[in-house]
Amino acid sequence: MSRWGRKNVKKTPEVIRTVTEGLKSLYRQKLLPLEQYYGFHDFHSPSLEDADFDNKPMVLVVGQYSTGKTTFIKYLLEQDIPGSRVGPEPTTDCFTAIMHGEVEGVIPGNALIVDPNKPFRKLNPFGNTFLNRFQCAQLPNQVLESISIIDTPGILSGAKQRVSRGYDFPAVLRWFAERVDRIILLFDAHKLEISDEFSEAIGALKGNEDKLRVVLNKADMVGTQQLMRVYGALMWSLGKVFGTPEVLRVYIGSFWSEPLLVPDNRRLFELEEEDLFADIQNLPRNAALRKLNDLVKRARLVRVHAHIISHLKQEMPSVFRKDNKKKNLIYQLPVIFSKIQLQHHISPGDFPDSAKMQEQLLVHDFTKFKTLKPNLMAALDELLSTDIAKLMPLLRQEEIEAGDQLGVQGGAFLGTRAGPFMEGDPFAMENGEGHGEEEEDWVVTKDKPKYDEIFFNLAPNEGKLSGTKAKDWMVSTRLPNSVLGRIWKLSDVDRDGMLDDEEFALASHLIEVKLEGHGLPPELPSRLIPPSKRRQKGSDA
């Protein structure tokens with residue numbers, strides 16, 4: 001084909017079907033070339049890969065040691081995590097990505113960062129010391145079909161923080177904070193002090209305050225009057241650390257499956273848990289919007305970075321006194337920021353931390369910096385002003401389609417929607433299938449006389465307890481509502497919203513099992529189905 005023929009060939013426009021596809025295309029074509037040209041990855045975060053756009057929403061759980069981070073995750077999943085350990089001392093000594101997998105297992109960090117389907121390949125620069133403290137726990141769990149969770153090492157306090165971890169802990173936290181959809185910051189009602197390492201860790205989360213949710217855990221260990229004082233002290237401490245006039249939202253509760261030690265504030269804990277769970281359940285619906293928001297935030301930082309680098313390049317002399325000029329420019333960096341801000345009409349909130357950038361500039365050769373390239377800057381301006389706006393109709397369409405989805409399901413989220421422990425449509429739950437043979441003995445039989453006495457003392461109507469009466473008795477066990485909700489779902493076998501004597505005995509048995517520290521089955525096994533309900537199911541079949 002002649003040169004003239006090639007000139008007239010028009011490129012077929014790329015068809016974008018989803019917001020994620022559009023964001024990947026814009027990043028590769030317009031933002032990545034600018035990042036590479038101005039060395040953005042040497043100063044800020046590494047380049048993004050397809051896995052960063054395609055991965056499920058992630059939740060980062062951060063807090064001091066023994067604030068209940070791992071227990072909080074187990075409470076959400078209603079399942080033990082492979083390789084985890086819980087105790088009052090600092091037990092979680094590594095970053096653990098908890099993700100869905102068909103088979104339970106643990107993948108070590110060095111193997112994890114070479115997997116192109118996982119969004120962790122860019123953690124390689126943190127080195128072997130970190131990678132030996134990084135792992136992925138995979139397990140088949142319904143919650144993890146919608147989200148992934150990152151458990152972090154307990155942040156040390158006092159003398160413990162003098163021992164070096166061997167890697168840059170705040171930098172790793174910052175890397176995760178930039179990529180996750182939600183950050184859960186846990187505090188213990190008895191451990192409100194903010195150590196130096198904790199303060200540095202919170203500083204690493206700055207710039208991601210929109211993702212941050214603060215949880216005051218173990219609040220059932222104090223009475224109402226003490227809880228008010230603890231809450232006030234926490235708000236005061238957070239105001240000092242974050243340095244903002246806005247008040248952070250703090251969720252109060254006791255996020256584990258054990259009975260409440262002080263049940264005075266049970267109703268408050270229920271409402272707070274509902275709000276937090278609703279926020280987490282909505283993450284899959286809002287995932288595309290979060291990715292778009294993060295890409296715009298990154299593009300604005302890239303634009304500022306390009307102006308800073310080009311300004312430093314222009315100020316450098318061509319031959320003599322380069323070292324002195326470099327030192328002078330680094331010293332005057334805050335003034336340079338102000339000049340760029342006024343000259344290019346850039347918001348001061350888009351600029352990086354000047355002290356941190358001064359440290360980074362010390363090891364760079366200013367003569368190798370690049371001046372502004374108009375075509376690259378024009379492509380970036382087009383991305384921010386036009387291309388992102390073109391994705392908004394597609395985003396709204398995806399939000400409408402996602403509105404019908406239930407969000408995160410399974411685990412503790414299942415218990416919040418069961419029986420009288422939920423407002424609205426309490427009994428719209430699917431029936432279990434295939435519960436086994438009728439001739440199998442019912443394990444509750446031996447304790448049924450004891451449960452029958454309680455049942456008849458509650459004054460059943462026509463042989464059945466209403467949901468309200470059953471709930472009042474079940475709440476007296478002090479177990480959390482999400483756990484009681486799951487017990488109700490398992491016990492109300494015929495889904496009539498009431499409990500007969502056999503169903504009540506089953507519920508009492510499951511409560512005792514939970515109080516003894518055992519887990520609940522996801523579905524009712526055949527040995528637990530009341531005999532009369534087995535016959536009913538047999539006739540239905």
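Colleague: Are Lys30 and Asp387 buried or exposed?

Modeller: Lys30 and Asp387 are both buried. Buried means under 20% relative accessible area, exposed over 50%, and partly exposed in between (1.4 Å probe, protein chains only). This is a predicted model: local features need pLDDT of at least 70, side-chain atom pairs count only at pLDDT 80 or more, and totals for chains, interfaces and linings use all residues. Residues are numbered from 1 along each chain as its sequence is written; side-chain values use heavy atoms, with hydrogens and water left out.

Colleague: What makes Lys30 and Asp387 a salt bridge?

Modeller: The rule asks for a side-chain nitrogen of Lys or Arg within 4 Å of a carboxyl oxygen of Asp or Glu. In this pair the closest N and O atoms are 2.5 Å apart, so the rule is met. The two ends belong to distant parts of the chain: Lys30 is in helix 2 (residues 19–37) and Asp387 in helix 16 (residues 374–402), 357 residues apart. Helices (H or I, at least four residues) and strands (E, at least two) are DSSP runs, numbered from the N terminus.

Colleague: How many salt bridges does the structure hold?

Modeller: The count is 28. Another one joins Arg290 and Asp294, with the closest N and O atoms 2.7 Å apart. Both residues lie in helix 12 (residues 287–315), four residues apart, about one turn of the helix. Both are buried.

Colleague: Why does the pair of Lys464 and Asp496 tie together separate parts?

Modeller: First the bridge: its closest N and O atoms are 2.3 Å apart. Lys464 lies in the loop between helix 18 and strand 9, and Asp496 in the loop between helix 20 and strand 10, so the link spans 32 residues in sequence.

Colleague: Why is Lys464 called partly exposed?

Modeller: Lys464 has 22% relative accessibility, so it falls between the buried and exposed limits. Asp496, at 29%, is partly exposed too. Elsewhere, salt bridges that share partners join Asp181, Lys211, Arg290 and Asp294 into one network.

Colleague: Which residue in a loop has a positive phi of about 55° although it is not a glycine?

Modeller: Glu462 does. Its loop runs between helix 18 (448–457) and strand 9 (465–466). At 78% relative accessible area, Glu462 is exposed. Arg495 also has a positive phi, near 55°, and is found in the loop between helix 20 (481–491) and strand 10 (498–499).

Colleague: How many aromatic pairs are there?

Modeller: The count comes to 23. In one of them, the ring centres of Tyr37 and Tyr38 are 4.9 Å apart and the planes stand at 90°. Rings of Phe, Tyr and Trp (its six-membered ring) pair if their centres lie within 6.5 Å; planes under 30 degrees apart count as stacked, over 60 as edge-to-face and the rest as tilted. Tyr37 and Tyr38 are therefore an edge-to-face pair. Tyr38, at 4%, is buried, while Tyr37, at 25%, is partly exposed. One aromatic cluster is formed by Phe95, Phe120, Phe126, Phe130, Phe134, Tyr167, Phe169, Trp175 and Phe176.

Colleague: What lies over the face of Tyr37?

Modeller: Lys370 does, at 4.6 Å from the ring centre. The test is NZ of Lys or CZ of Arg within 6 Å of the ring centre and within 35 degrees of the ring normal. Arg249 also passes, with its charged end 4.1 Å from the ring centre of Tyr251.

Colleague: In what order do the strands of the open sheet run?

Modeller: The eight strands follow 3-4-2-5-1-6-7-8, with mixed pairing. The edges are strand 3 (105–108) and strand 8 (250–252), each pairing on one side only. Two strands pair if DSSP finds at least two bridges between them. Strand 3 and strand 4 (residues 134–139) have four bridges in the antiparallel sense, so they pass. One bridge there matches Gly105 with Gln138. Strand 6 and strand 7 run parallel, joined by six bridges. Phe187 has Leu216 of strand 7 as its bridge partner.

Colleague: Why is strand 7 described as largely enclosed?

Modeller: Six of the six residues of strand 7 (residues 212–217) are buried, so the rest of the structure largely encloses the strand. Leu212, Val214 and Leu216 point one way, and Arg213, Val215 and Asn217 the other way.
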